Structures are given as structure tokens and as C-alpha cells.
Amino acid sequence: MKRVFITEKPSVAQQFAAALGIHGARKDGYVEDGDTIVTWCVGHLVTMSYPEVYDPKLKKWSMETIPFLPDQWRYEVLPDVKKQFDTVSRILNREDVDTIYVCTDSGREGEYIYRLVDQMAGVPATKKKLRVWIDSQTDEEIRRGIKEAKPLSEYDALSDAAYLRAKEDYLMGINFSRALSLKYAWTVRDYLGLDRCVIAVGRVMTCVLGMIVERERSIRNFVPTPFYRVLAHVGKKPEEADNTTLFDAEWRAVPGSRYDGSPELYKENGFKKRETAEELIRNLDEPLPVTLKVEKLTKKTEKKNPPLLYNLAELQNDCSRIFKINPSQTLDIVQELYEKKMVTYPRTDARVLSTAVAKEINKNLEGLCAYPELGVYARNVVNQGAFKGLEKSRYVNDKQITDHYAIIPTGQAVGQAEKLSEVKAGVYDLIVRRFLSIFYPAAEYQKISIELIRNGEHFFAGFKSLVKPGYLPIADRNYGKKTDKTEKSEKEDEDERSMSPEEAAHLVEGLRKGSLLSCNGFDVKEGMTTPPKRYASGTLILAMENAGQLIEDEDLREQIRGAGIGTSATRDAIISKLVKNGYIALNQKTQIITPTLLGEVIYDCVRYSIQGLLRADLTASWEKGLAGVADGSITAEEYMTKMSDYVSKYTNYVKRLGNQQQITRVFDEARPYYKAGKPKAAPAGGKKNE
């Protein structure tokens, strides 16, 4: 009897054949050698049927035929890949095949791809079906995955979640797109002067559009507000005073200040009016001489640990910022690196390793010793045994891993890095640097804080010195190089000035509580509030991962991780689809994202009908529900009932609405901000994944 290995793509099939030592000639859609057959899908071979397959009358969009909620779901083979499906179906059903190894991508979508093939091909349940779950495509990992393959039935819950995700997107896309198009498409088409218009909405896509439009409107409606801070130019001790300013200290209102709790304050360190700031200075100028007394002087050492490892979202964000490539391009690159055996599985949300992987991490490190430029760092880790005990660190946590651990270099095929394009090599370099960083010590900073007092008013200054660079030279490709960006950030950081340890020591030499320092005058520094920043493609991915919140702090992001919008495998495609639909514009040079007028109009149609589609928390709850189905905490029946009720309720709600005329007045609010001209038409059709 024979065994079959079925992969998601031909390129992966080649990797499996090589790992298995299969040398048979490649036939039309498969390779056979002895008792082993390797075949492949080409992505999805099977898809869900359009409504008109259920009933030809459903081809015409009509309010009378929605909500469309089929009792029995229908599927069909995609015409373009029917030949390969027939090949796969024939192989799986061969009488001399008794064992099937499912080797599609190890995740929800990969599971769905095979299950649909199995379903459409009618593969008998009597055949032995095993699931191969791997984290990289190295020969060693492939062989391990085959050896440890589990019965396919153990992944039934994951399969249920995959089917439900597809059904959910189908039902919301079909019903809501039809309902909103039938209700508003004529109004939108007439208002914008379009030849045609379909209002395409979806569970994740519409929520992301909402995030982009709401951010743009926050920027548009933002009113800059001036504020005024008071700075003291602090000099040497009075007996040494020579009008030299050593540093500036910033005034703040603290308990005891005459301005504590004053309505004139802008936050605690400024005023709403210049006149109030100038009044404070007049109260500080007398009596002479003008000196400041040290109220408090503190020194402390602060450590900055290496960041957690890359998941796909973090990598997409960094690549957007550094290389100015969009999330889809990043995924394509890291997928290629994965297929070249250079990195582990890319579509992961985890930023840590598993205990099992941590115990054998020396293999990855030993391979990286041959990597140019960074090989010396890998060799140091190996020689010093710095990898020992990794499983007890913050970088290993089995509980934070669902399908796959973080993206790391395998340590194999490092020589291929030199053959990669500049950007691809750069992406690989980022992954290697982030990985090697975790084996190096934290960076150490000395922080000095000075609190000064004059006439009951308090001034503050802070200084930061890098004492031990730790992991920084490995993690930062530009370490030690001054860039325009770093110099700008240093100038803007008034609370904490960077200086060398020697400068810091000299600055505070001999100072203690009660010491007097001269003051070379006070100044009013005007500032201006700034609007929120537009999303870039990378920051939008992070915001999607964090349920609509753009969180800069790494540790805080980790605390709420798992409640995101979409998945690591789909977020880039959502952005691409919004661009394709003409709802948003993506600047390829800067990666900045803005909504189009058409996108804002579609947003308003949803806002005044099915507003819940715009809520990030609600969309995240649907995704969390699917995760619950996958882990068995929610039954597929419970989820399906909830989803069908939601679709039915809001489809019927839209049917009852009669606000087409009023909504054009809402459109007028956005129109002045766009150049005159005909916007790009929304796509026609009634695609099931709208």
C-alpha cells in the first residue's frame, strides 16, 4: 500500500520530496516513487458557491431574497485549477493508497484548504489521515513533523473555526453588500457621478476602513492649541558663575505652587496664555541674586531588555518603517525566506519560543555562525553558552503560543543571503538581529533627575547616559551612526537629555540637596498641540493586531494581544483589498494611508445603517469567538447561531431604513477636502467575500 503527502503549493511539495528522499520523475501534478506519492494544491482548489447556484433567481440582487442563509452549504471546484483538483482527487481515492499525510500550511487557512479538497473529492473515512504540523521547511523539521504526525481528527476544532470564518465572511459580504448597495448605491452613484457602484463591505475590511476614516477626520477636525512652558537656564554654582548655561530645567505645577490646580494651566507643565507664563517669570526674578536650590537629586540605573521576537505584525511594521514596503510585500518576502529554509513559519502571532525549541536552539545559533557580519555575535553566544537556560527567560512561554512560535532564523541556508536582493536581505537581517539580541544582556542607562526650587516654584531636568550598550549593537543596524531622525528626536526630548557618562558625572559633581546653582534667566517657550498621525501600512497592521489601538509600548501590546482584528495571515490582504476597491490610498514611498472620498462615502453609508461593522471591539470579538471554536471552548453550533442571528437582524434593519436623502448631506462634510474630479468607481459584482 502507498502513502500520500499533500502540500499547499508545488514549491513546498519539492521540499517534502527532498526531505523524504523521493527521486521519482515529476508527473502531471504529482511525484511518485515506490510506496510514496507527493502531490499538491495550488492554494485553494475549492470555493463556496455563489447564491445563484442554490437558486438561479438569486443572481439578481433584490431586497426580497435577503437575508440569504443557506441550510446546506454548497461548494465547487475553481475552474482555473480543476485539472489539478482532478489529479489530487484521483490520487487520494486510489485503492492502493491507505494513508494520507496532510501537509498544507500549519494553520487555520491551510486546514481549510485540505478539508475542502477532502470533502469535494469524497475521500473515504476509512483511509488513515494524519496531520503534519511544522514550523519551518528544513529537512529535519519536515521529517520530525511526519514522524510526530497526529490523526487529522485532532484538528477538527480548527477545521470548524476555518469553515465558520469562511461562512461568516460569506454571509456578511453577500447580505450586507447587497443590502447596502440596494439601499444606497444609486444615491452614491448619483452624488459622485459614477457609472456604477457596489457598496462592498466585510467583517474585517469595513472595520479597518472605519479606523482609517475616523483617524483622518480626527486630523481634519483638530484645532491646534498653543501652550507656553517656562524654562530656567541653569548655570554653575554662584561662586563659579560665568553666565555659562549647563542645562535647561522645565517648570511644573506641583503641590505648593501658586498655580497648582489653576484653570490657566495646560497640563502640569505649561500655560494656556503667554501672559500667565510671563507673570510667573516676574515672580521668579526677585529677589536678587537669582539662584535655584537643589531640592532633590536622584541617580538610578535602568535596564532595557532586548525586545521580544518578531511575529508577522511586528515584522511588517518594522519593514514598512525601514524599507518603505507594504505588509503584503513583507509577507511575500518572509514567505520566500521560509520556503528557502532560512526562517521559520511566518504567519504567526506569537513573539516567544516554545520550551521544546528553546532546548535545541544551539542548532540555529551554530548555523548562524557562518552568516557574514553577524556570525561573530552568534559564535560568541555559542562559545560562552549564553543560550543555556533560555527556556526560563521571558522569550519562552508555551502558553502564549497557539499555532506557531515566533519568526526566527533556522540557521540553515545562510549562504543564500548573499544572493538575495537588497530589501530581501534586509528583512532577513532584521530577523537574525532580533533573534541574536535575546542572548545578549540588557542595555544599561544611568538616569539623573534634578528637582530645583525657587520662590516655591519647582523646575525639573533629566539626563540619560548609556553605560553598557548590551544588545544594542546587534539589534540596531545603525548603532553608533547619527541620523537626522535620531538627532531630531534628541532635540525634541526636553524631559530627558542624552549625554555621555563623563558629561553626566561632571554635571552633577559636588551637587547635593541644598546646593545652589546660578540662573541665567527664564524664558517662555511656545509649543503647539499636534493632531494624531495618519496610519502607515505598518502601524495600521499593529493597530489591527491590538483591536484598533495603536499602542507604542511593547509590553502593553503583549498584554492585550489575542484580541485583534483579522489574523496575521489576512491583515495585509485586507489593506490591499481596500486599495483595490478605491476606498483608501496607499503612498508607496511613505506607506502613509488615507481614505478616498469614495471610502468616506462608503463609511458614512455604514455608519448610518450597520454601525457595528465599524466597531473594532465588536470585530475583534468575532475573531476571538473563532479562536474559541478552535480551542474547543465554544461549539460551532453556538457560533453559527449567533452569527446567523446577527446577519439576519441587521439585513432586515437596513431593509426598513429610509434615509437615502438625508445621507447626502452627510457626504457633503467630506467632499471639500478632496480635489475635484471623478473618484474611482467601486467594483461591480456581488463577490461572496466582500
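**Exercise 1. Which residues line the second largest cavity, and which helix gives the largest share of that lining?**

Step 1. List the lining. In this predicted model, the second largest cavity is lined by Met172, Arg203, Gly612, Leu613, Leu618, Thr619, Trp622 and Tyr646.

Step 2. Find the main contributor. Helix 22 supplies the largest share, three residues.

Step 3. Sort by class. Five lining residues are nonpolar, two are polar and one is charged. Arg, Asp, Glu and Lys are the residues that count as charged, so Arg203 is the charged one in this lining.

Step 4. Give the volume. This cavity holds about 30 Å³.

**Exercise 2. Follow Arg203 from the cavity wall to its salt-bridge partners.**

Step 1. Recall the principle. Side chains of opposite charge can pair when their charged atoms come close.

Step 2. Take the partner Glu168. Its side chain meets that of Arg203 in a salt bridge, 2.9 Å from N to O. Glu168 lies in helix 6 (residues 156-192), and Arg203 lies in the loop between helix 6 and helix 7 (205-220), so the pair ties together parts 35 residues apart in sequence.

Step 3. Check burial of this pair. The cut-off for buried is under 20% relative accessible area. Glu168 is at 0%, so it counts as buried. Arg203 is at 4%, so it is buried as well.

Step 4. Take the partner Glu623. Arg203 also forms a salt bridge with Glu623, with the closest N and O atoms 3.1 Å apart. This pair links distant parts of the chain: Glu623 sits in helix 22 (residues 616-631), 420 residues from Arg203. Both Arg203 and Glu623 are buried.

**Exercise 3. Is each residue of the Lys236 and Asp242 salt bridge buried, partly exposed or exposed? Then name the network that contains Arg203.**

Step 1. Describe the bridge. The side chains of Lys236 and Asp242 meet at 3.3 Å, N to O.

Step 2. Apply the accessibility values. Lys236 is at 27%, so it counts as partly exposed. Asp242 is at 40%, so it also counts as partly exposed.

Step 3. Turn to the network. Salt bridges with shared partners join Arg108, Glu109, Arg165, Glu168, Asp169, Arg203 and Glu623 into one network.

Step 4. Set this in context. The count for the structure is 42 salt bridges.

**Exercise 4. What lines the largest cavity, and how is helix 1 packed?**

Step 1. Count the cavities. There are two of 30 Å³ or more. The largest has about 60 Å³ of space.

Step 2. List the lining. Val12, Phe16, Cys103, Thr104, Asp105, Ser106, Val132, Ile134, Gln137 and Tyr338 line the largest cavity. By class, six are nonpolar, three polar and one charged.

Step 3. Look at helix 1 (residues 10-20). Its buried residues are Val12, Ala13, Gln15, Phe16, Ala17 and Ala19. Val12 and Phe16 are thus in the cavity lining and in this buried set.

Step 4. Name the packing partners. The buried residues of helix 1 pack against strand 1 (2-7), strand 3 (36-40), strand 6 (97-103), helix 5 (139-147) and helix 10 (327-339).

Step 5. Look past the helix end. Gly21 follows helix 1 and has a positive phi, near 75 degrees.

**Exercise 5. Which residues does Arg217 touch?**

Step 1. Place the residue. Arg217 is in helix 7. At 13% relative accessibility it counts as buried.

Step 2. List the contacts. Leaving out residues up to four places away in sequence, Arg217 touches Glu600, Tyr603, Asp604, Arg607 and Ala670.

Step 3. Pick out the polar contact. The side chains of Arg217 and Asp604 are joined by one of 2.9 Å.

**Exercise 6. Where are the cis peptide bonds before Pro67 and Pro289, and where do Lys324 and Glu373 lie?**

Step 1. Take Pro67. A cis peptide bond joins Ile66 to Pro67, with omega about 5 degrees. Pro67 lies in the loop between helix 2 (51-54) and strand 5 (75-77).

Step 2. Take Pro289. Leu288 and Pro289 are joined by a cis peptide bond with omega about -10 degrees. Pro289 lies in the loop between helix 8 (274-284) and strand 11 (291-304).

Step 3. Take Lys324. Its phi is positive, about 60 degrees, although it is not a glycine. Lys324 sits in the loop between helix 9 (312-322) and helix 10. At 38% relative accessibility, Lys324 is partly exposed.

Step 4. Take Glu373. Its phi is positive too, near 75 degrees. Glu373 lies in the loop between helix 12 (361-368) and helix 13 (375-384). At 60% relative accessibility, Glu373 counts as exposed.

Definitions and conventions: Residues numbered from 1 in each chain as written. Predicted model: local features only at pLDDT ≥ 70, side-chain atom pairs only at ≥ 80, totals over all residues. Heavy atoms only, no water. Salt bridge = Lys/Arg side-chain N within 4 Å of Asp/Glu carboxyl O. Helix = DSSP H or I, 4+ residues; strand = E, 2+ residues; numbered from the N terminus. Buried < 20%, exposed > 50% of the residue type's maximum accessible area, 1.4 Å probe, protein only. 1 Å grid on protein atoms, 1.4 Å probe; cavity = no way out; pocket = protein on both sides within 12 Å on 5 of 7 lines; lining within 4 Å. Points joined across faces, edges and corners; volume = space filled by probe spheres on them. Contact = heavy atoms within 4.5 Å. Polar contact = N/O pair within 3.5 Å; in protein donor to acceptor, adjacent residues only side chain to side chain.
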